[in-house]
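This report describes one protein chain for a reader who meets it here. Its sequence and structure are shown below, and the text then moves from the whole chain to single residues.

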Amino acid sequence: MKQNPYNEQDADRCEIWDMLVSRDINAYCHADWSKVENDFEASEFFAINANKNPDPSRWTLSFSSLDLYRDEWLRQAQHSQQTEYAECLEEAIHRATTLNEITIDGNRALARKQFNGAIKRRDNENEVLLWQTLYYLKRTIEGWKICGFTGYLPYTQ
């Protein structure tokens, strides 16, 4: 598993990285929404699916509520649970995931999480991860919360 590149000297980025990388990957691999449900600001949440297309006119408002996103997240996580991988899913997702850019301005943050890799399946095929997501976050009394994101953006360096 990847180590958090931030430490207590940069507590905000450390907290955001833990939420968006460590906790998210672990919850997904175990199809356990309860591990991440408190990471969201439900009343403000919405998400855009860029459909891996650079043209914003092709993007869709896919999740107008956290409940809609949760249902799709669980569907995908459960599908991964049923897939026979030839390697540890959690390690493979960590290997493919990068979160090096976290911009904080006051009580808001923007984090760019990238996926660039493949997971080997038992059928000798690869499940390719190649996209990026921009997360919109808000500092609250309980800590940083996800207000929304634009996901499945085309991968760029």
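In what follows, Lys and Arg count as positive and Asp and Glu as negative, while His and the chain ends are not counted; the place of a charge is taken as NZ of Lys, CZ of Arg, CG of Asp or CD of Glu. On this basis the chain has 18 positive and 25 negative charges, and their mean positions are 3 Å apart.

The model is predicted: local features need pLDDT of at least 70, side-chain atom pairs count only at pLDDT 80 or more, and totals for chains, interfaces and linings use all residues. Residues are numbered from 1 along each chain as its sequence is written, and side-chain values use heavy atoms, with hydrogens and water left out.

## The chain as a whole

The radius of gyration is taken over C-alpha atoms, and the globule rule is 2.2 Å times the number of residues to the power 0.38. A compact globule of 157 residues would have a radius of gyration near 15 Å, and the chain agrees with this because its own value is 15 Å. Along the principal axes, the C-alpha atoms fill a box of roughly 50 × 40 × 30 Å.

Helices (H or I, at least four residues) and strands (E, at least two) are DSSP runs, numbered from the N terminus. The chain holds 3 helices and 6 strands, and from the N terminus on their order is α-β-β-α-α-β-β-β-β.

Contact means heavy atoms within 4.5 Å. Among the contacts with a separation of 6 or more, 57% join residues 24 or more positions apart.

Accessible areas come from the Shrake-Rupley method with a 1.4 Å probe, and for residues only the protein chains shown count as cover. The chain exposes about 8800 Å², of which carbon and sulfur atoms supply 46%. A residue is called buried under 20% relative accessible area, exposed over 50%, and partly exposed in between (1.4 Å probe, protein chains only). Buried residues make up 41% of the 157 residues.

## The nonpolar core

In soluble globular proteins, nonpolar side chains tend to be buried together. A nonpolar core is here a set of buried Ala, Val, Leu, Ile, Met, Phe, Trp, Tyr and Cys residues joined through side-chain atoms within 4.5 Å. The largest such core has 40 residues, and those touching the most other members are Leu-20, Phe-45, Tyr-69 and Leu-137. Two or more residues each are given to this core by helices H1 (11-29), H2 (66-82) and H3 (89-96), and by strands S3 (97-105), S4 (108-120), S5 (126-140) and S6 (143-153). H1 supplies the largest share, 10 residues.

Phe-45 shows how distant parts of the sequence meet. Apart from neighbours within four places in sequence, Phe-45 is in contact with Phe-40, Phe-63, Ser-64, Ser-65, Leu-66, Tyr-69, Ile-146, Cys-147, Gly-148 and Phe-149.

Helix H3 is mostly covered, with 6 of its 8 residues buried. These are Leu-89, Glu-90, Ala-92, Ile-93, His-94 and Ala-96, and they pack against H1, H2, S3, S4 and S5.

## Selected residues

The table gathers five residues and their relative accessible areas.

| Residue | Place | Relative accessible area |
|---|---|---|
| Val-36 | loop between H1 and S1 | 3%, buried |
| Ser-80 | helix H2 | 7%, buried |
| Glu-127 | strand S5 | 23%, partly exposed |
| Asn-51 | loop between S1 (46-49) and S2 (60-63) | 37%, partly exposed |
| Lys-52 | loop between S1 and S2 | 44%, partly exposed |

The contacts named next again leave aside residues up to four places away in sequence. Val-36 touches Arg-23, Asp-24, Ala-27 and Trp-73. The C-alpha atoms of Val-36 and Asn-26 are 9.4 Å apart, with their positions 10 residues apart in sequence. Ser-80 is in contact with Tyr-28, Tyr-85 and Leu-89, the last of which is one of the buried residues of H3.

Glu-127 touches Thr-83, Tyr-85, Gly-117, Ala-118, Ile-119 and Arg-121. Glu-127 and Ala-50 are 77 residues apart in sequence, and their C-alpha atoms are 19 Å apart in space.

Which backbone angle marks Asn-51 and Lys-52? Most residues other than glycine have a negative phi. Asn-51, however, has a positive phi near 55°, and phi of Lys-52 is likewise positive, near 55°.
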